[in-house]
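Dear colleague,

I am handing over the structure we talked about, with the sequence alongside. Please have it open while you read the notes below.

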Amino acid sequence: MQGKLSGMTQSIREAFRLQAQYCKAAGSAQTAEIVAALGDILDHKTRTGARILDWAGDPIVDALPLRIAGGLHALARSGKEDLLTRYYTVRDLEAHPVLRQVIEKWDDWLYPWLDGPPQTNEVARAGALWPAMLEIARRFGPDMEWIEIGTSAGLNLNMDRFGYRLGETVSGDGLSAVQISPKWTEESPVPAAVNVCDRVGIDLNPLDPTDPAIVDRMLAYIWPDQPERMARAEAAIRVAQANPPPIVKGDATALLAPLLAERQAEGRTRVIFHSVVLQYFPADARAKVRNLIEVAGARADAARPLAWLSMEFPDKVTEADITLRCWPGDGASELLARAHPHGAWVNWGA
């Protein structure tokens, strides 16, 4: 038994090192340093360390390293622990001794951060989702109603209130405080008018962007050495505070059925979308979501089309596939693009 437990601990440490590589590749050297150091120093002397090292699920799929990284960033932002705040801001301290001391001192404070996966509300992902909305509008017309699965605080439910430069295509609200311009490769998307007639988000744990404590939590999941992401999120939060997106709390497998059963107005395209969400669903729940959408797709017609837009990782977390399925028709999956997990680049037409 001891050998088995030792093997589990080693696999957790390896997952932290792998996550560190992903963070570095995604442009956050500091988060990579933190996660790698955690993989070295965690032990069973603290509740937090023991819970991490004895984790029963897949630590990468469950985003385990990023859960504790979010907690540490939140603690640093709070100013409660001067040593940690200095490490994050001045960056003149070594990670290993700082993190070891902080986890021992703030064990009970950090422990609850392991309860759920990060809710990053990554606004730049709209740079990959919006051009797909343009494609849907080009095919079916401008009028849409949106259903977002795993909406969190619903920041991307307001993506029509952002401005975009997508290659040579300028779209959206040019006066918005949120301007998104990913590094673009291949052809620019075809411009189209988009009119969002209705929108709703679904989330097990929706976040209220008007609550300062919740806003602090949201911002803690953003990597500390990426100030552009932070500024963009803060701007999108202000947009959400002015335009609160309607969000329903609950399980998507239970809530999708009644939403899809309600017939949309003639001339509107119903769009179901999600970004980096399905990996957190059990396999049977993913299958149920797919079945619910396919059944709704079979009912779709030219007057009431259905589109399913997905930004998910097919096999690795260094890039996401942007796929689209549309009905009426055969609902075949189309790969529209590949994108950076935080939307920094989009390879359109990949």
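What follows is a short account of the nonpolar cores and of one helix and its neighbours.

Please keep in mind throughout that this is a predicted model.

To begin with the interior, the largest nonpolar core has 51 residues, and within this core Met-133, Trp-146, Met-159 and Phe-162 touch the most other members. The helix that gives the most to this core is α8, residues 126-140, with 9 residues. Another core, of 35 residues, lies apart from it and includes Phe-16, Ala-32, Ile-34 and Leu-114.

The helix I looked at in detail is α6, which runs over residues 95-105 and in which Ala-95, Val-98, Leu-99, Val-102 and Ile-103 are buried. These five names fall on the same side of α6, because they cover an arc of only 120° around the axis. On the face turned away from that buried side, α6 carries the exposed residues Glu-104 and Lys-105. The buried residues of α6 pack against α2 (29-41), α4 (64-78), α5 (82-89) and α7 (107-110).

Of these neighbours, I followed α2 further. The axes of α2 and α6 come within 9 Å and cross at roughly 65°, which means that α2 is roughly perpendicular to α6. The crossing of the two helices, α2 and α6, is right-handed. Where they meet, α2 brings Glu-33, Ile-34, Ala-37, Leu-38, Asp-40 and Ile-41, while α6 brings Ala-95, His-96, Leu-99, Arg-100 and Ile-103.

With best wishes

Note on methods. Residues numbered from 1 in each chain as written. Predicted model: local features only at pLDDT ≥ 70, side-chain atom pairs only at ≥ 80, totals over all residues. Heavy atoms only, no water. Core = buried A, V, L, I, M, F, W, Y, C linked by side-chain atoms within 4.5 Å. Buried < 20%, exposed > 50% of the residue type's maximum accessible area, 1.4 Å probe, protein only. Helix = DSSP H or I, 4+ residues; strand = E, 2+ residues; numbered from the N terminus. Arc of directions from axis to C-beta. Contact = heavy atoms within 4.5 Å. Axes fitted to C-alpha atoms, helices over the stretch in contact; angles between N-to-C directions. Parallel < 35°, antiparallel > 145°, perpendicular 65-115°, else oblique. Left-handed = near helix turned anticlockwise from the far one by under 90°.
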